[in-house]
Each structure stands twice: as structure tokens, then as C-alpha cells.
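Reader: I am new to this structure and should like to understand the terms used to describe it. Would you take me through the reasoning behind them?

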Amino acid sequence: MATGNINVSVENIFPLIKKFLYSDHEIFLRELVSNATDATLKLKHLTGIGEAKIEFGDPIIEIKIDKEAKKLHIIDQGLGMTAEEVKKYINEVAFSGAEEFLEKYKDSAKDAGIIGHFGLGFYSAFMVASKVEIITKSYKDEPAAHWTCDGSPKFTLEENDKTERGTEIILHIAEDSEEFLEENRISELLTKYNKFMPVPIKFGTRTETQKTGEGEDEKEESFEVDNIINNPNPAWTKQPSDLKEEDYKNFYRELYPTQFEEPIFNIHLNVDYPFNLTGILYFPKLTNEMNFQKDRVQLYQNQVFVTDNVEGIVPEFLTMLRGVIDSPDIPLNVSRSYLQADGNVKKISSYITRKVADKLNSLFKENREDFESKWNDIKIVIEYGMLSEEKFFEKAEKFALYPTVDGTYYTFEELQEKLKDTQTDKEDKLVLLYASDKDAQHSYIQDAKAKGYEVLLLDSPIVSHLIQKLEGSKEKISFARVDADHIDNLIKKDEEQISKLSDEEKTSLKETLENVIPSSTYTLQLEAMDSNAAPFIITQPEFMRRMKE
Ligand code: ADP
Ligand code: MG
């Protein structure tokens, strides 16, 4: 038997990184902007704790396209790197300077919003570039460094005369990636991944006009301003107490500029224990047709967009919502299957479910009338949640509503309390009559109402599943659609009730019995009759009917 070490050489790793690390080449820009952001946030932190004695100012990140030279520049004013640091952080693949920073400043920097994690992000540049240059000047008093690499394991490192603090990454865009020299493409990527990142990102300039002077002297002046593509302080990063209803609505419009409908309400998530999670979820207006669009909840890590395909990451019923979830504990650089299996992600998922249930419960308790008026628009999400998540089902018991055809809303408990004496069958089972279509089942509804029964209106497309679930989880209830059978077969009045009648009542009944409509012919008559004038029907015990014949 022979044993030995497998020899991993960098020559072999590079093509692997290029091919398999990321399924999407476009994320190189997200990675480089994330590094530029980290560099800025690190410097901010070091300035804050007095370790960097510099003027922090208002640093921005700039993206520039040089179409002619086929270069893309990412420039930041962050902490920069010394030559030694370039060797340490860049030349060592899979060594994360971000992790090292968080480790070193464990206590003070844990909320600094540092994005980096695996020490692989930088190399994603080689997915689109044939050559990469780094020109960087540290905030420390040391000469700038210039690093060049063409994607082979060989690099050059020399001094440079850059004087401003910060780092410039220059990508020599490869022939097969020239789309990344198009302004529209870069703009699209910045909007997708970087729209809410915490450091202002400049991409070109735009013209603004301003009116000056009064009356006759009034003229329009136009001038060029930096085109900042992001909102560094999105609503979800703020305290709920600092936000008004209008701010939430504005943020919704910012997230979905093409969506005209207003959300019904929102849930602001804001926790730092047992893990960090912020976000805002919106309940959109949903129709009964289940043709809602999924993939509308966006997942962020420290304000960097990760994905809007959250299936398998949050419970499915929550994918019907919209909004943002942000957690530093969501890994950025990994595949979906990894995300789905990740323990943190699972915890986050069940936390969100609980939060959504709690919020619904408090909305219900605080203003029931308002909650009832929203019910029709939100019931699909809730009913779907009750069906698919046991934890949610248990919580939803308190606020899930069952409206009657007349627009009274009951909770299940209220319904049980109200109907327990009047709407049971022989075995004392509570019979819940419901209609799924008010118009089509009109006459049946009228008939049941004429007998003093409550008829629920359960018309969402998943209602049959929900009914099954409820019947399975509760003892002694059964649902019956009003048109399933003759009403007297659906609710079997206790025959004892007749014998409970007083003698007087029995005598008066004798006369009406002449007119009793036998139940077999009744159904036919029902179609012809004016439902408003539904006849009063008296059940006739079998032996009485026979006696008369
Ligand atoms: P990670 O961000 O996960 O740490 P990367 O491969 O993206 O890994 O980057 C490696 C390291 O290189 C960073 O941690 C940082 O120390 C350094 N670095 C990369 N880009 C910059 C930059 N623009 N300014 C300063 N340092 C940088
Ligand atoms: Mg990084």
C-alpha cells in the first residue's frame, strides 16, 4: 500500500476558481464593490477607535469604464494596502482579510458591517479579466504599491506614485466578456447588487437643472453632478421608531419602481439576538387567482444583494410576500443548495415565520376591524402558511378568520362557541356549513339561513385543503358545503328535539304536517322556488309519514 500527499499547485486551482466558484460571472462586480466597501468601513472603524489618525471625510466608490482601452476601474478611498499587505491578502488565495479584521477587532467591529468572508471574492475578477492590476496606497505612511497579474500564478509587485489614499482595481476585460464594457450592463449590475450598499457609489455624472433668479431674470441652469447609484441608508437599516408609514411606502416604491399597487401593511424585522437580522416584509395585495409572482423577497447580506430566489430559504408561503431580509449570517459566496442546508439560514427561516405570525396577531388584537377589512387580501398567505407550516398553524389559530356570507368575521374559537348548541349532528359534531361561491350557491345559502344556520364564505383556491387540515386537527367538527346535500341531511337535527316540543306545539304542528314537503322532492322544488320565500321545512319522522299514507 502506498500513501502520500496530493499535490495541489496554484496552477491547478486558478482554472477551477474561474470555472466553478461562481455560477454567475456577473458577480465579479458585486465582489469588487464589496471589497471597496469593506475597505471604507474598516477605515471608518479604525478612525472611530482612534487607530487611524486621518481625516475620514466623505469617501465614495467610483466605477469607470474605459471603453477604448477595454478597462473597467473600481476606485475606493478606503484604508488601502501596503506592499506587505498586498502579499498577505491578495497573493494568498483563500485568506480572508475581512475575517482577520473581524477576529482582530472582535468586540468593537462586530457590527461594522464588514462583508467579506472567504477570501475568494477578489479572484472572481479573473472570470471576466485577462489581466488585473491593483494600485493601492495605505492610510499608513508608506509608498503605494502596484500589483499586476494575468491570471497565471505569477504576479509583479512594484512601487507606485499614487498619492491619494485608497485602492484602484483595474480589470483588463477579456474578449469573451466585453459586455462588461457596456454602460447599460454595468448600470444594471450596480442596480441589482449594490443599490442599497452603505458607501455611496458613483457611476458617471448626470445633468441636473435648477431655476435661478425671479420673474424676468428667471433662468434654468444646468450642471453636472455625480451619478450616485445607491441609497446608502435604506429604510430597513433604520430603527422602526424613526420611520413613518410614508417612509415604508416610499421604500416599497424604491424596491419595486414598476409596482403601482400599494402594500397592505409591513413588518419591520429588527433583531440582534440570537442572530442578526433586519428587514422589512410587505404584504402585497393578492388576488384569489394564485397567479402572484414569487421571487419578490430579496435577500441581502450587510446591504449587498444576494438573491431574490428565496425558495427553500424562507418558508414557501412567505415567498408570496415582498420586501427585504438582511442578515450578516447569510453566506454570500455559496450555492443555493449550500444556503438551503445552512443551519443559520434554517434558524432565520423559522424566526421569520414566528415574527410574521406575531405581527399578524398584534394587528388583529390592536384593531380587529381594520384586520377584518384586510382579510380578503391577505388570507391566501395566511391560509397557505397554516397548511404548510405547523408552527404557523398553531399561532394563526388566534387570528385566522372565517367570514360568514353576511360579512361577519369569526375566529375558529368564536365559531365553535357560537354554534355548539345549534349546528350539530347526531353525534354532537359541530357542522360548519360553508359556501365557496355566493352566487352559484345562492339558493342553498338562503335555505340554510332560513333555518337559522350560519353559512361561512370560504372562497380561496386552497380552501378544500385547509378544511381537511382543520378537520384533521380538531375533534368533533366537520365542514359541509351548502350544496353538498339537502340541508337536513347535512345538519341532522336531533330527533329528540321534536319530542321535546310541548303538547301545544305538537298540536299546532299537526296541522302544518299536511303541507310537509318530502325531502326527496324538495331539492327539485328548490331550483324553481323564489329563494327569498323559502318555505319552512319541518322534518318528518319516517313512521309519521307512513301512518299518513
Ligand atoms: P474577503 O473579502 O472575503 O476577505 P477577497 O478575496 O474579496 O476576500 O479579498 C481578500 C482581501 O484583500 C480582503 O480581505 C482585503 O484585505 C484585501 N482587499 C481586497 N480589495 C481591497 C480593497 N479595495 N482595499 C483594501 N483591501 C482590499
Ligand atoms: Mg471580498
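Author: Certainly; this is a predicted model. Eight strands form an open sheet of mixed pairing, in the order β5-β4-β3-β6-β2-β1-β7-β8.

Reader: What makes β5 and β8 edge strands?

Author: Strands β5 (155-160) and β8 (219-228) each pair on one side only, and are the edge strands. From one strand to the next, the twist averages 25 degrees.

Reader: How do you know that β2 and β6 pair?

Author: Two strands pair if DSSP finds at least two bridges between them. Strand β2 (residues 71-76) and strand β6 (residues 166-173) have six bridges, in the antiparallel sense, and therefore count as paired. Within β6, Ile170 is the bridge partner of His73.

Reader: Which strands does α2 touch as it packs on the sheet?

Author: Helix α2 touches β1 (61-66), β2, β6 and β7 (201-212), and its direction makes about 20 degrees with that of β2. Helix α3, for its part, lies across β3 (129-137), β4 (144-149) and β5, at about 35 degrees to β4.

Reader: Which helices supply at least two residues each to the shell around ligand 1?

Author: They are α2 (27-48), α3 (83-90) and α4 (97-104). The largest share, five residues, comes from α2. Of the 23 residues around ligand 1, those that come nearest are Ala39, Gly97, Gly116, Gly121 and Phe122.

Reader: How many residues of each class does the shell around ligand 1 have?

Author: The shell has ten nonpolar, ten polar and three charged residues. Glycine counts as polar, so Gly97, Gly116 and Gly121 belong to the polar class.

Methods:
Residues are numbered from 1 along each chain as its sequence is written. Chains are lettered from A and ligands numbered from 1 in the order in which they are written. This is a predicted model: local features need pLDDT of at least 70, side-chain atom pairs count only at pLDDT 80 or more; totals for chains, interfaces and linings use all residues. A residue is near a molecule or strand if its C-beta atom, placed from the backbone, lies within 6 Å of it. Helices (H or I, at least four residues) and strands (E, at least two) are DSSP runs, numbered from the N terminus. Axes are lines fitted to C-alpha atoms, for helices over the stretch in contact, and angles run from 0 to 180 degrees between N-to-C directions. Two residues are in contact if their C-beta atoms, placed from the backbone, lie within 7 Å.
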